[in-house]
Amino acid sequence: GAPRGGRRFPRAAMGIVDKIKEIEAEYARTQKNKATEGHLGLLKAKLAKLRSQLLEPPKSGPKGEGFDVAKNGDARVALIGFPSVGKSTLLSTLTDTESDAAAYEFTTLTCIPGNVYYKGTKIQLLDLPGIIEGAAHGKGRGRQVIAVAKSADLVLMVLDAGKEGVKRHKEILERELETVGLRLNKQPANIYFKKKATGGIKFTMGVPLTKMGKDPYKTCYSILHEYKIHNCELLFREDATVDQLIDVIEGNRKYVPCLYVYNKIDTVTIEEVDALARLEHSTVMSAQAQLNIDRLLETMWEYLGLRRVYTKKRGEYPDLSDPVVLTMGRHGYTVEALCHQLHKDLAREFNYASVWGASTKHNPQHCGLKHELADEDVVMVVKRTVQQQRQSKDYGAQVQAYYDEWHRKKKKPALKT
């Protein structure tokens with residue numbers, strides 16, 4: 001027979017997808033009530049951890065073609081939707097780019113960029129391949145589609161107005177994007193979280209936590225334990241859910257505004273169009289019949305939150321032909337953000353800015369780096385004089401850094417022998 005003290009070999013390691021399915025099944029069969037919220041929270045943490053592992057790109061292997069699209073323009077908009085809902089037709093209508101359009105599924109196989117010129121700004125539109133159910137598990141080139149969507153400033157979810165009631169594409173896509181860490185039309189939870197080297201878990205509740213079971217501390221502790229975090233500070237400033245806590249711990253979630261675009265409205269009745277247009281974060285249009293395209297562009301502009309700022313030189317008229325475009329997602333709307341866009345050293349040499357426009361109390365107004373600019377403001381940036389720069393505390397360090405940079409450029413690389 002077998003030896004008494006024989007070693008028990010571990011069960012063959014299950015694949016990540018199998019583990020996810022097993023935890024999802026356990027989650028589905030667990031009763032949802034106050035007593036089980038802690039256990040469900042732990043299951044959610046395990047799921048989030050496994051999904052993060054699944055979506056990490058492979059360290060080696062061939063590169064996918066067609067997805068490394070350079071970011072250009074003032075903002076980036078990703079078109080997401082199921083195959084054959086009219087994404088390619090919409091791209092061809094709005095831009096000067098031709099994307100293959102056909103009546104069968106999966107016509108577009110790579111990422112096709114195009115540019116929209118609107119109100120003096122350049123917006124990059126990306127036509128992504130038709131996303132399908134299961135893209136979160138790497139099906140249908142889903143991983144690359146999602147990576148591009150995460151880099152966008154706005155997601156345009158294109159839906160078929162005629163088939164939406166039956167196929168529920170919106171729900172499926174929302175669930176897919178939630179799974180991979182995209183949060184549509186949401187704000188990050190007001191939770192302060194910081195890892196520490198020692199000191200254990202310091203847990204503070206600024207408000208009562210009602211969505212984390214009977215014992216919120218125990219729930220949070222078990223979730224942190226799952227992530228192997230034993231020393232940290234955790235402060236809740238709002239009544240957050242388990243999902244929001246997991247998002248904060250993971251730290252790789254992307255909060256993106258999303259606009260739901262119901263295409264092909266020429267195939268449904270006017271009552272149905274009216275009902276769709278009244279939904280939250282939604283707009284209706286027809287790319288084929290060129291209906292309501294201008295309203296779509298206007299709504300897109302509102303959601304992107306772009307602000308045009310014109311610069312002027314002393315004693316000259318402002319240059320109204322070429323605005324500097326500021327966005328909330330990239331650097332913000334302050335004078336400092338404008339300085340960074342104009343030149344990397346301008347913020348350091350900044351003295352004051354004269355601003356004309358809606359953001360000021362009187363024209364012109366002397367403003368500092370923290371002043372927030374409004375759309376179509378005119379700004380004149382005044383640099384510090386050499387005398388003023390010499391009087392600043394870090395002048396010696398600046399001169400040394402400048403000299404080091406010049407010296408580095410001057411040095412020629414050694415010849416290979």
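## A walk from the sheet to the rings

Start with the three strands that form an open sheet, in the order 6-8-7 with mixed pairing. Select residues 191–195 for strand 6 and 201–205 for strand 7: these are the edge strands, and each of them pairs on one side only. From one strand to the next, the twist averages 5 degrees. Keep in mind as you go that this is a predicted model.

**Stop 1: inside the sheet.** Now add residues 232–236, which are strand 8; this strand and strand 7 pair in the parallel sense, over 5 bridges. For a landmark, show Thr 204, which stands opposite Leu 235 of strand 8.

**Stop 2: the helices on the sheet.** Select residues 216–226 to bring up helix 7, which lies across strand 6, strand 7 and strand 8. Helix 7 runs at about 140 degrees to strand 7. Next, select residues 242–250: helix 8 packs on the sheet as well, touching strand 6 and strand 8. The direction of helix 8 makes about 40 degrees with that of strand 6.

**Stop 3: a ring cluster.** Show the side chains of Phe 203, Tyr 217, Tyr 221 and Phe 236, and you have a cluster linked by ring pairs. By residue number, Phe 203 falls within strand 7, Tyr 217 and Tyr 221 within helix 7, and Phe 236 within strand 8.

**Stop 4: two more aromatic pairs.** In total, the structure holds 5 aromatic pairs. Pick Tyr 118 and Trp 301: their ring centres are 6.1 Å apart and their planes stand at 70 degrees, so this pair is edge-to-face. The partners come from distant parts of the chain, 183 residues apart, with Tyr 118 in strand 2 (residues 112–118) and Trp 301 in helix 10 (residues 293–304). Are these two residues, Tyr 118 and Trp 301, buried or exposed? Both are buried.

Move on to Tyr 403 and Trp 406, whose ring centres are 5.8 Å apart with the planes at 35 degrees, so the pair is tilted. Here the partners share helix 13 (residues 395–410) and sit 3 residues apart, about one turn of the helix. Tyr 403 counts as partly exposed because its relative accessibility is 41%, and Trp 406 counts as partly exposed because its value is 44%.

**Stop 5: charges over rings.** Select Lys 170 together with Tyr 260: the lysine lies over the face of the tyrosine, 4.3 Å from the ring centre. Then try Arg 307 and Tyr 333, where the charged end of the arginine sits over the ring at 3.6 Å from its centre.

**Stop 6: a loop residue.** Find Asn 33 in the loop between helix 1 (16–29) and helix 2 (37–55). With 32% relative accessibility, Asn 33 counts as partly exposed. Put a distance label between its C-alpha and that of Gly 213: you should read 8.2 Å, although the two residues are 180 apart in sequence.

**Last stop: the whole chain.** Zoom out and colour by secondary structure to see 13 helices and 16 strands. Of the 417 residues in the chain, 41% are buried. Among contacts with a separation of 6 or more, 64% join residues 24 or more positions apart. Switch on the surface to finish: the chain exposes about 24,400 Å², and carbon and sulfur atoms supply 52% of that area.

Definitions and conventions:
Residues are numbered from 1 along each chain as its sequence is written. This is a predicted model: local features need pLDDT of at least 70, side-chain atom pairs count only at pLDDT 80 or more; totals for chains, interfaces and linings use all residues. Side-chain values use heavy atoms; hydrogens and water are left out. Two strands pair if DSSP finds at least two bridges between them. Helices (H or I, at least four residues) and strands (E, at least two) are DSSP runs, numbered from the N terminus. Axes are lines fitted to C-alpha atoms, for helices over the stretch in contact, and angles run from 0 to 180 degrees between N-to-C directions. Contact means heavy atoms within 4.5 Å. Rings of Phe, Tyr and Trp (its six-membered ring) pair if their centres lie within 6.5 Å; planes under 30 degrees apart count as stacked, over 60 as edge-to-face and the rest as tilted. Buried means under 20% relative accessible area, exposed over 50%, partly exposed in between (1.4 Å probe, protein chains only). A charge sits over a ring if NZ of Lys or CZ of Arg is within 6 Å of the ring centre and within 35 degrees of the ring normal. Accessible areas come from the Shrake-Rupley method with a 1.4 Å probe; for residues, only the protein chains shown count as cover.
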